[in-house]
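Welcome, and please open the model in your viewer. We will go from stop to stop, selecting a few things at a time.

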Amino acid sequence: MIINRIGGLLLLFAGIFALVFSPSPACAELEIKELPGNIRLGPVRIHPQFSVTEVYTDNYFLEHRDEKENWITVLTPGITVQVPFKRHTFQLDYRADIFKHCSYSRYDTEDHYASGLFKFDFPWGLELTIG
């Protein structure tokens, strides 16, 4: 019983360690960048964004016969907020992808994404970004 608990804890620790410290394509994007624009509330920087994408498909249901065409509009509102804490910076990102189907509105969907980064900038030259 105790061996199972220890083994389970070691497996859990190894899994968390692998998730946190394993290289992935997303790790390359962990960077707090200078935001364009000039919306500020004191030291807080705010960067709203919005994009519209139009997609056309001539075979919406991927059928061999009776192909149906469709236009899909993707609305993508979002916001990035940066909050400095002395030498450190916290960044919060949010965006939504809103899919509007012209011919098949019952397939309209919304996907939401949120992320946060905390950049530690220590005086002895060490920088650590967690996100």
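Before we start, one term will help: a residue is called buried under 20% relative accessible area, exposed over 50%, and partly exposed in between. With that in hand, select F90: its relative accessible area is 30%, so F90 is partly exposed. Keep in mind as you look around that this is a predicted model.

**The whole chain**

Zoom out and colour by secondary structure. You should find one helix and six strands, and reading from the N terminus the order of elements is α-β-β-β-β-β-β. The chain has 131 residues, of which 16% are buried. Its accessible surface is about 10300 Å², and carbon and sulfur atoms account for 64% of that. Among contacts between residues at least 6 apart in sequence, 44% join residues at least 24 apart.

**The sheet**

Now show the strands alone. The six strands make an open sheet, ordered β1-β2-β3-β4-β5-β6, with antiparallel pairing. At its edges are β1 (39-41) and β6 (127-130), each of which pairs on one side only. On average, and ignoring direction, neighbouring strands are turned by 20 degrees against each other.

**Walking across the strands**

Start at the β1 edge. Strands β1 and β2 run antiparallel and are joined by three bridges. Select I39 and then I46 in β2, its bridge partner. These two strands form a hairpin with two residues between them, and G42 in the turn has a positive phi of about 65 degrees.

Stay with I46 and look to its other partner: V81 in β3 stands opposite I46. Here β2 and β3 pair in the antiparallel sense, over 13 bridges.

Move on to β3 and β4, an antiparallel pair with twelve bridges. Select I72 together with H101 in β4, and you will see that they stand opposite each other.

Next come β4 and β5 (residues 109-121), antiparallel strands joined by eleven bridges. Two pairs are handy landmarks here: F99 stands opposite T109 in β5, and R95 stands opposite Y113 in β5. Show the side chains of that second pair. Where does R95 lie relative to Y113? R95 is over the face of Y113, 4.2 Å from the ring centre.

**Two unusual backbone angles**

Most residues other than glycine have a negative phi. Your next two selections go the other way.

Select L62, in the loop between β2 (44-57) and β3 (70-85). The phi of L62 is positive, near 55 degrees, and L62 is not a glycine. Is L62 buried or exposed? L62 has a relative accessible area of 72%, so it is exposed.

Then select K86, in the loop between β3 and β4 (88-101). K86 is not a glycine either, yet its phi is positive at about 55 degrees. The hairpin of β3 and β4, where K86 sits, has two residues between the strands. K86 is exposed, because its relative accessible area is 87%.

**The aromatic rings**

For the last stop, show the side chains of Phe, Tyr and Trp. A pair of aromatic rings is described by the distance of the centres and the angle of the planes. In this model there are twelve aromatic pairs.

Take Y60 and Y104, one of these pairs. Their ring centres are 5.3 Å apart and their planes are at 5 degrees; planes under 30 degrees apart count as stacked, so this pair is stacked. Y60 lies in the loop between β2 and β3 and Y104 in the loop between β4 and β5, so the pair ties together parts that are 44 residues apart in sequence. Y104 has a relative accessibility of 13%, so it counts as buried.

Now return to F90 and add F118. This aromatic pair is tilted, with 6.3 Å from centre to centre and 40 degrees between the planes. F90 belongs to strand β4 and F118 to strand β5, and the pair links parts of the chain that are 28 residues apart. F118 has a relative accessible area of 22%, so it is partly exposed.

To finish, which residues share one aromatic cluster with F90 and F118? Add F85, F120, F122 and W124 to your selection, and the cluster is in view.

How values were computed:
Residues numbered from 1 in each chain as written. Predicted model: local features only at pLDDT ≥ 70, side-chain atom pairs only at ≥ 80, totals over all residues. Heavy atoms only, no water. Helix = DSSP H or I, 4+ residues; strand = E, 2+ residues; numbered from the N terminus. Buried < 20%, exposed > 50% of the residue type's maximum accessible area, 1.4 Å probe, protein only. Pairing = 2+ DSSP bridges. Phe/Tyr/Trp six-rings, centres within 6.5 Å; stacked < 30°, edge-to-face > 60°. Lys NZ or Arg CZ within 6 Å of the ring centre and 35° of its normal. Axes fitted to C-alpha atoms, helices over the stretch in contact; angles between N-to-C directions. Contact = heavy atoms within 4.5 Å. Areas by Shrake-Rupley, 256 points an atom, 1.4 Å probe, with all protein chains shown as cover.
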